[in-house]
There are 2 protein chains.
Amino acid sequence: MKFQIQRDRLVNGVNDVMKAVSSRTTIPILTGIKIMAHEEGITLTGSDSDISIEYFIPKEEDGKEIVDIQQPGGIVLQAKFFESIVKKLPMDTVEIEVHSHLQTVIRSGKSEFNLNGLDVSEYPHLPQIEEESVLRIATNLLKTMIRQTVFAVSTSETRPILTGVNWHIENGDLNCVATDSHRLAMRKAPISGGTGELRKAVIPGKSLNELNKILDDNSDELEIVITESQILFRAKHVLFFSRLLEGNYPDTSRLVPSDSKTTLTVGGKEFLQAIDRASLLAREDRNNVVKLSITADGSVELSSNTPEIGKAVEEVPCETIEGDDLNISFSAKYMMDALKVLEGAETNIQFTGAMRPFVLRPTGDDSILQLITPVRTY
Amino acid sequence: MKFQIQRDRLVNGVNDVMKAVSSRTTIPILTGIKIMAHEEGITLTGSDSDISIEYFIPKEEDGKEIVDIQQPGGIVLQAKFFESIVKKLPMDTVEIEVHSHLQTVIRSGKSEFNLNGLDVSEYPHLPQIEEESVLRIATNLLKTMIRQTVFAVSTSETRPILTGVNWHIENGDLNCVATDSHRLAMRKAPISGGTGELRKAVIPGKSLNELNKILDDNSDELEIVITESQILFRAKHVLFFSRLLEGNYPDTSRLVPSDSKTTLTVGGKEFLQAIDRASLLAREDRNNVVKLSITADGSVELSSNTPEIGKAVEEVPCETIEGDDLNISFSAKYMMDALKVLEGAETNIQFTGAMRPFVLRPTGDDSILQLITPVRTY
């Protein structure tokens, strides 16, 4: 294998595939990046066997040469070293050549690196995906949907299925739900393609976080293929594979209360800042619990108290207050997480009592919902 | 005590005095910030008993009111909580009022915080400094001198005196030296004021690092007073006190070789980048040792080698090479630290053999010197 390549393109590709490479792997060759030089260009692959990323660098683009392939072939190079080398090379062009015994020379200007390569035939194959049904969605919309749900997945392995986001595709709608059993985040939006039949997938939260880092924030269409055990995301130069979580995701539809006894409408940004301040004197060992009080005269107050330090009181600016008086306590962190993904929009909060989960929605928008279970205080 | 104050001025002051506050202190009241309201304005104080910082906020500046004092007095408030509260308050103005039993109310818009205060009379007094002799230097010059020397102090407590920078003021010159016994950094520059007599001080590296964070990068004159056990830096609104290290600093003047057998002149920036790359394949457990080879035909090469991974070779771009052939190994980290503070200037490197310390200086500039001891390789 021998080729010259534009360094910035190589750096971009390495940055992306590194998202799948883990230094803690039981399969030693997966600490490497697979580099293949072929007729059409260069393909880089990284994988931790849960996530696999393939990045393609074409020989030329818009009439400009990016790669000059003198001899096709392949090699696997230690990802950590290869990454730091290509980032620091002095010139705009890099030459990579494999000699005998897998010895690989990386050359740029007056810098020369010799790396011991690994045999490309020992690198695991990527999942085989049968493209029976391709879904399509704008990249920036998918990024938003991921961001609005993935934070709510469970970080505990007690119920592994809850570490994923539940995707449910039916009648042209993608519905994403995540819950750690204390709070729940839901977002839905139209998706095109597919057969219209029900498709389900529980995607590991970690995979969605890494995918979100790689995808550019543009409106280009992204293709998605779901199989029994894998999901594939296909962007312009990148293929992103993730395994799916096995097992049945719990039915979350009945968790959302349909009635409401007290309703607030608040400015999302001001309410977020007030919660942030009110939580400053909340006890750290109790997950920063703040108390919200709604009284008959129409005032709403947030407060927290740590006897040895002091207390905080915030009067909440509300657009509208309707319904019964209420004293309710909840995790300031959960509330702030939910308000952050509502992005400062005017927010409607529906309570059905101090011990029942409550629901946040942007006013007049049913495509997104955040549910939080209150904390019992004594 | 009761006053209203512009929030941004209070935040600036709290940021500065927080640099001296440690959460790990044996004197509980030092986890607090002392706030004094008096005729002229507000004084904030933070201290960990090694470093003390006093910040003054005047009642008015340039004809604009900054503080409105309704009742003079003082209080000590928990630094960590006070800092996060004032940073997040909603309005441009803050009111602080001390009630009975040291209960302190912080109010801004519809936010109200009650903090349990501590008695200001229990807060330790700042060091008393007799102003017999005041030195003066431009703030940005002092910041540069600190940056060019403090990185070389020892981080080990085996020889505590080496954790400080040795200041030596004589005949209108300030001479700063730091060494961890493997490398040495020296910088000198003129300083005004003082009596012309010899003054010495060994200032803890930690103090100089904190001082550097607080000082603005401008050419305003800074006043310095040195006593037996303390040093005081006085800027426009800030007093910075540090204790001095006790004991005799070793005589470093004889460490710098006066002769030279091989001399290189290199572009500082290009050489730094070449060292950085050459060190990528240096063994981590050997402090990233790289080898420099100068051969008869005038070529200079940097290299590193880790058999299980691979090797790196860099041809070094030199302006001039003079003297004997040489093979020498050194810590890439020490070399990069030294080259960074020389700020990319054309650099002269003088070697006196593979086992002797070598010296880096900007070409034609004797005010700064970096000395590095080579590493013996087998």
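**Notebook: aromatic pairs, copies and a buried serine**

I counted 8 aromatic pairs over all chains, taking rings of Phe, Tyr and Trp (its six-membered ring) as paired if their centres lie within 6.5 Å, with planes under 30 degrees apart as stacked, over 60 as edge-to-face and the rest as tilted. I looked up one of them: the ring centres of B:Trp167 and B:Phe233 are 6.0 Å apart and the planes stand at 85 degrees, so I logged the pair as edge-to-face. The pair links distant parts of the chain, with B:Trp167 in strand β13 (residues 164-170) and B:Phe233 in strand β19 (residues 230-234) of chain B, 66 residues apart. For helices (H or I, at least four residues) and strands (E, at least two) I used DSSP runs, numbered from the N terminus.

This is a predicted model, in which local features need pLDDT of at least 70 and side-chain atom pairs count only at pLDDT 80 or more, while totals for chains, interfaces and linings use all residues. Residues are numbered from 1 along each chain as its sequence is written, chains are lettered from A and ligands numbered from 1 in the order in which they are written, and side-chain values use heavy atoms, with hydrogens and water left out.

Are the two rings of the pair buried or exposed? B:Trp167 is buried at 2% relative accessible area, and B:Phe233 is buried at 2% as well (buried is under 20%, exposed over 50%, partly exposed in between; 1.4 Å probe, protein chains only). In chain A, I noted one aromatic cluster formed by A:Trp167, A:Phe233 and A:Phe240.

Next I checked B:Ser108, which sits in strand β10 (residues 103-108) of chain B and is buried at 1% relative accessibility. A polar atom of the B:Ser108 side chain lies 3.2 Å from the backbone nitrogen of B:Met91, and one lies 3.0 Å from the backbone oxygen of B:Thr93. Leaving aside neighbours within four places in sequence, I found B:Ser108 in contact (heavy atoms within 4.5 Å) with B:Leu89, B:Pro90, B:Met91 and B:Thr93.

Last, I compared the copies. A turn of 180 degrees and a shift of 0.0 Å along the axis lays chain B on chain A with an RMSD of 0.0 Å, superposed by least squares on the C-alpha atoms of residues with pLDDT of at least 70 in both. The two copies are therefore related as by a two-fold rotation axis. In chain B, the C-alpha nearest the axis belongs to B:Lys213, 16 Å from it.

Note on methods: Polar contact = N/O pair within 3.5 Å; in protein donor to acceptor, adjacent residues only side chain to side chain.
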